[in-house]
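Hello,

Here is the structure I promised to pass on to you. Have a look at it first, and then read on for what turned up.

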Amino acid sequence: MEFPIISINHLESDFNRISSKIFKASQDWGFFIVTDHGITGASRMFTLSREFFDLPMDVKCEKPLNELGVGYDGHKATTFAASEGMAFGLPAGQLSQSPNIHSWWDSAKLREIESFKAQCNELTLRILPCFAAHMGLPASFFAASHNQSLPGNALKFMKYPKMPAEPGPGGLAARLAPHTDWGTLTLLFTRAPGLEVRDPGNSWHDVPVVPGGIVVNIGDALSFWTGRQLKSTMHRIAWEKVPFDQDRYSIPYFAQPSFETDLQPLTGKAEAGCKPFKYQEYYTSRISLTWGSVLRGDGKQLDVDNRLTQYLTELDANDVPTE
Ligand SMILES: O=C(O)CCC(=O)C(=O)O
Ligand SMILES: [Fe+2]
């Protein structure tokens, strides 16, 4: 089974053909890679990411991640993730007003982040109409709920630091445990292998590294909203896929609908237990499951991880046959 790689150079002029490929890949895999997307500046983002993560830990920790998805999400070496992150949430143009950005991110750097976020947002607004078109909906149907109000779309710099030794049996499960994303679409910038996804046959499949390509995946919100016509697919970064003595960097961009978006299943398996709810309800439950202890500052991460693992297992059981 070939992992879908789709050039979107002529998306607007050859809309039916290219949007069909995107729709089909999202139904079958929930994942695909886009090339010829026009986004520039990813290298500069990786440079900023490295420079920031190289700062001393106590400096980075001054502004820990908040519930609006802004700040440093560090110290994580748990059963869920062995990573640190710097998240830039909020709707377009609002970062400079956030009290949660460390001063190392001066106004010039924040302008660069905002302009990269704006390019990612534009790409999101090009891809979302592909789904609407194939579901008999107005082109702007999904796009209209994005980016004007909270929570906005989040760019996140991620570093999975190298480890002093290979984790043994019973040690950390993965650099990033199997999970689904919460929002509508994720764009992932990465140059390093390591990401695996569930393929349509439910086996783990390596996501190829395509130079200049962006990995795109469907998140839970879009999957619920489309009555699970589009798949929100489990993905992970296993230890064996990245040498333990190497750092790994990546930059996901998480597009999200506004909090008040009603995720009423539009079509499909609405009757199969998909109850309607607002995106805010889902966001709040996922943020507390994933980052609860980070936000409370009590360090009880393991407990949170167990609940998240259980929750994701249940979600997985609804979506795909168990092994
Ligand atoms: O770092 C990666 O390649 C994947 C990141 C990811 O899946 C996530 O942050 O949700
Ligand atoms: Fe993810």
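Please keep in mind that this is a predicted model. A good place to start is ligand 1, whose surroundings are formed by Y160, L176, H179, D181, L188, H235, I237, R248, S250, P252 and F254. Sorted by class, this shell holds six nonpolar, three polar and two charged residues.

Three side chains come up again when you look at polar contacts. An oxygen atom of ligand 1 is 3.0 Å from an N or O atom in the side chain of H179, and for the side chain of R248 the distance from a ligand oxygen to an N or O atom is 3.0 Å. For the D181 side chain, the corresponding value is 3.1 Å. On its own, ligand 1 would expose 300 Å², and the protein buries 93% of that. As for where it lies, ligand 1 sits in the largest cavity.

Which strands build the shell? At least two residues each come from β6 (176-179), β11 (235-237) and β12 (248-255). The largest share, four residues, belongs to β12.

There is also something to see among the aromatic rings: searching the whole structure gives 17 aromatic pairs. One of them joins F142 and W225, and it counts as edge-to-face because the ring centres are 4.9 Å apart and the planes stand at 80°. This pair links distant parts of the chain, 83 residues apart: F142 lies in the loop between α4 (107-133) and β5 (154-160), while W225 belongs to helix α5 (residues 220-225).

Enjoy exploring it!

Best wishes

Key: Residues numbered from 1 in each chain as written. Chains lettered and ligands numbered in written order. Predicted model: local features only at pLDDT ≥ 70, side-chain atom pairs only at ≥ 80, totals over all residues. Heavy atoms only, no water. Near = heavy atom within 4 Å. Polar contact = N/O pair within 3.5 Å; in protein donor to acceptor, adjacent residues only side chain to side chain. Areas by Shrake-Rupley, 256 points an atom, 1.4 Å probe, with all protein chains shown as cover. 1 Å grid on protein atoms, 1.4 Å probe; cavity = no way out; pocket = protein on both sides within 12 Å on 5 of 7 lines; lining within 4 Å. Sits in = over half its atoms within 2 Å of the grid points. Nonpolar A, V, L, I, M, F, W, Y, C, P; charged D, E, K, R; others polar. Phe/Tyr/Trp six-rings, centres within 6.5 Å; stacked < 30°, edge-to-face > 60°.
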